[in-house]
Amino acid sequence: MKFGIYSCMTGMAWGGSEELWYQAARVLQNNGHEISVNFKWWPKMSYQLQQLQEHGARITLREQPPPFWQKKVHEARQLLSPRSLPVTPRNAQGLAWLKQSRPDAVLISIGYHPDQMLVADHCQATNIPYAINVQCASNSAFIHADRINVYRNWYQNAQRVFFVSEENRHKVETNLAVRLNNAEIVCNPFNVRLDCLPEWPIDDSVMRLACVGRIHFQSKGQDLLIDLMRTDRWRQRPIEIHFYGHDQGNRRQLEDLIRLHGLEDKLKIEGFMHDRNNIWATNHGLILPSRYEGAALVVVEAMLSNRMVIVTDTGRNSELIDDGKSGFIAKSSTVELLDEAMERAWQQRMRWQEIGKLAGLHIRERFSMDPIGEFAKRIESLV
């Protein structure tokens with residue numbers, strides 16, 4: 001069979017939201033299926049797209065810049081007759097891609113729930129079944145009333161709408177004011193080895209928490225930790241927070257805020273680390289003050305590594321963690337509620353290793369240990 005994958009991501013050349021469909025596509029290729037991918041053009045193709053292409057996938061890069069000579073001709077024509085040029089229909093490339101690749105079914109991957117899915121219109125027009133994979137939803141972005149019917153049409157006419165958490169499903173249904181009876185919950189792939197449980201850090205004189213995720217205040221909320229740790233109570237306690245992750249716009253502010261408040265001995269920026277197992281070998285737990293999430297994989301990875309977690313009540317966290325038993329949940333992403341959850345965790349710091357072991361048991365009961373294989377089967381079932 002032929003499967004098409006349309007990624008709506010436009011903000012970067014690759015991201016965590018793409019890993020589920022990418023790894024499932026590799027499984028589908030190994031199962032003998034043909035894969036066609038429509039992805040935004042970037043100056044350098046990602047390693048993952050190259051891998052798919054090397055194994056036979058057809059890669060279509062949309063919104064490519066025109067050749068230099070064509071750009072100059074276009075600019076000259078605009079100067080001579082700015083109103084005479086025809087307007088190209090938005091996302092016409094999506095229809096051309098469908099006609100060329102002729103997939104039996106299409107998976108539309110969106111990183112954020114308000115993302116445009118104009119290709120869904122083309123799927124409906126050409127009678128190609130499609131599914132939507134929503135990787136993240138939040139309460140900070142709402143679909144405008146004059147677009148509600150368009151989005152309802154996209155979501156309700158999909159064969160399946162795959163969410164990564166019930167909380168995200170609820171947010172989208174509330175946003176659209178409809179019940180999505182075609183919704184299902186899926187799991188994302190994790191990046192730690194199940195057979196590699198890191199030893200507990202030898203040094204317990206200072207408790208170390210890892211804050212793992214892209215440095216992006218709007219979503220990950222690292223700025224909340226500045227306001228938390230600058231208080232006298234946390235300054236005086238033997239605790240450190242180590243930040244791991246790529247910069248996505250706020251690393252400079254984070255560095256400057258740490259210096260501004262004299263927190264260099266409490267907050268440390270470690271950069272991105274490919275081997276997640278090394279993170280948990282040197283940290284006693286995870287802290288993630290997210291303002292919104294789809295399903296934070298680092299929570300899954302920390303729990304699989306037998307580490308206690310301190311998180312906000314967003315994404316899939318409440319589905320995976322028993323508050324006060326296998327982790328600690330702040331009811332919302334405010335400094336006051338984060339402080340309350342941190343204090344509860346601190347009072348049980350001598351039990352963090354025991355709590356982490358319970359977290360390891362819970363996550364293996366509540367999260368798929370083969371998310372890629374299961375998702376590949378769901379894609380196959382679209383036909």
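# A guided tour of the predicted model

For a chain of 383 residues, a compact globule would have a radius of gyration near 21 Å, and the 23 Å of the protein chain agrees with this. The model is a predicted one. With the whole chain in view, the C-alpha trace spans about 70 × 50 × 45 Å along its principal axes. Its secondary structure comes to 17 helices and 13 strands. Of the 383 residues, 54% count as buried. Among contacts between residues at least 6 apart in sequence, 73% join residues at least 24 apart.

**Stop 1: helix H2**

Select residues 47-54, which form helix H2. Which residues of this helix are buried? They are Gln 48, Leu 49, Gln 51 and Leu 52. A view down the axis of H2 shows how they are arranged: the buried residues fall within an arc of 155°, so they line one face of the helix. On the other side of H2, Tyr 47 and Glu 54 are exposed.

Next, display helix H1 (19-30), strand S2 (34-40) and strand S3 (58-62); the buried residues of H2 pack against these elements. Before leaving this region, select Gly 56, just after H2, where phi takes a positive value of about 105°.

**Stop 2: Arg 26**

Move to Arg 26, which is found in helix H1. What is the nearest side chain of opposite charge to this buried residue? It is that of Glu 54, 8.4 Å away, and Arg 26 has no salt bridge. Glu 54 is also one of the exposed residues of H2 visited at the previous stop.

Now show the side chain of His 55: the side chain of Arg 26 makes a polar contact with it at 3.3 Å. Leaving aside neighbours within four places in sequence, Arg 26 is in contact with Leu 52 and His 55. Leu 52 has already appeared among the buried residues of H2.

**Stop 3: two loop residues with positive phi**

Most residues other than glycine have a negative phi. The next two selections depart from that pattern.

Select Arg 102 in the loop between helix H4 (92-101) and strand S4 (105-110). Phi of Arg 102 is near 45°, a positive value in a residue other than glycine. Is Arg 102 buried or exposed? Its relative accessibility is 63%, so Arg 102 counts as exposed.

Continue to Ala 177, placed in the loop between helix H7 (166-176) and strand S7 (183-185). Although Ala 177 is not a glycine, its phi is positive, at about 55°. Ala 177 counts as exposed because its relative accessibility is 57%.

**Stop 4: Leu 338**

Finally, select residues 335-347, helix H15, and centre the view on Leu 338 within it. At 1% relative accessibility, Leu 338 counts as buried. Which residues does Leu 338 touch, not counting those up to four places away in sequence? They are Leu 224, Leu 225, Leu 228, Pro 289 and Ala 330; showing their side chains together with that of Leu 338 displays this set of contacts.

To close the tour, add Thr 312 to the selection. Leu 338 and Thr 312 are 26 residues apart along the chain, and their C-alpha atoms are separated by 7.4 Å.

Conventions:
Residues numbered from 1 in each chain as written. Predicted model: local features only at pLDDT ≥ 70, side-chain atom pairs only at ≥ 80, totals over all residues. Heavy atoms only, no water. Buried < 20%, exposed > 50% of the residue type's maximum accessible area, 1.4 Å probe, protein only. Helix = DSSP H or I, 4+ residues; strand = E, 2+ residues; numbered from the N terminus. Arc of directions from axis to C-beta. Contact = heavy atoms within 4.5 Å. Lys, Arg positive; Asp, Glu negative; His and termini not counted. Salt bridge = Lys/Arg side-chain N within 4 Å of Asp/Glu carboxyl O. Polar contact = N/O pair within 3.5 Å; in protein donor to acceptor, adjacent residues only side chain to side chain. Rg over C-alpha atoms; globule rule 2.2 N^0.38 Å.
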